Amino acid sequence: MFLWLPHLRIYWRNLLLLPALAIFGGMIIYPNYAAPDDVSFMLLVFGEILLPPLAGWIATGLLLGDPCRELLLVTPRPIWRIVVERLIMLMLVVTVSWGALLFVMWQLVNYTLVIPPTQLFWGGQVSVLIFISIGLWSALRFRNVVGGSIIVAALWATGLIFRQSLLVHPIGHLIHPFLTFQAHESPLWLMNCIMLCLIALVFIFLAVRLTFHEECWLPFESNEEIV
């Protein structure tokens, strides 16, 4: 049984950023609804360039951002289960926000998007998943939300800066975090989605393992001796 209400009470402000960003994106895209090419491009930018780092940033605080995380030590519910529930909740909010924006824009352009909406949707979802998994793992690994956010920002910047260089070699197509945006016609697009999902699952597994070591998610001050 999922504890949705307690999770929402803690993270509702952060989660609200996702639908707010979708609404803002819709307001920017709407004036161009008569041009399917422009709509497709702006949807790509939203779903694969803007949404993933925001979701990754939120993921860095799924445990370390809990103001009462020390109390989790005395709860009968396993920490790993709480983290997984919060991950699922975050992905659900992302899916609804991104899916709703994509569906509305698809309707406005009379089903004439240049890129298939299913490819747009799953391309964005996979990019979000990889950023969420790395954000959560890096925050727990470095025991710092800021450190996790820096890793997310570095991954995002690296993917953008070297987006052309990654396309030179087939391996680059497999690990490109923005392949739908850069080369949606790539024959390795499906393999790219599968590969990124597998990598994301590995990072989620590693993050869950870190929750079994209390020193990895407690504040630094809790380990300091009082002289």
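Let me begin with a term: a disulfide is counted here when a pair of cysteine sulfur atoms lies within 2.5 Å. What we are looking at is a predicted model, in which local features need pLDDT of at least 70 and side-chain atom pairs count only at pLDDT 80 or more, while totals for chains, interfaces and linings use all residues. Residues are numbered from 1 along each chain as its sequence is written, and side-chain values use heavy atoms, with hydrogens and water left out.

Searching the whole structure gives zero disulfides. Why does Cys193 have no such bond? Its closest cysteine sulfur belongs to Cys197 and is 6.6 Å away, which is too far for a bond. Cys193 counts as buried because its relative accessibility is 9%, whereas Cys197, at 26%, is partly exposed; buried means under 20% relative accessible area, exposed over 50%, and partly exposed in between, with a 1.4 Å probe and protein chains only.

Turning to the overall fold, the protein has eight helices and zero strands, where helices (H or I) are DSSP runs of at least four residues and strands (E) of at least two, numbered from the N terminus. The radius of gyration, taken over C-alpha atoms and compared with a globule rule of 2.2 Å times the number of residues to the power 0.38, is 19 Å, which agrees with the value near 17 Å for a compact globule of 227 residues. Those C-alpha atoms fill a box of roughly 65 × 40 × 30 Å along the principal axes.

Finally, buried residues make up 45% of the 227 residues in the protein.
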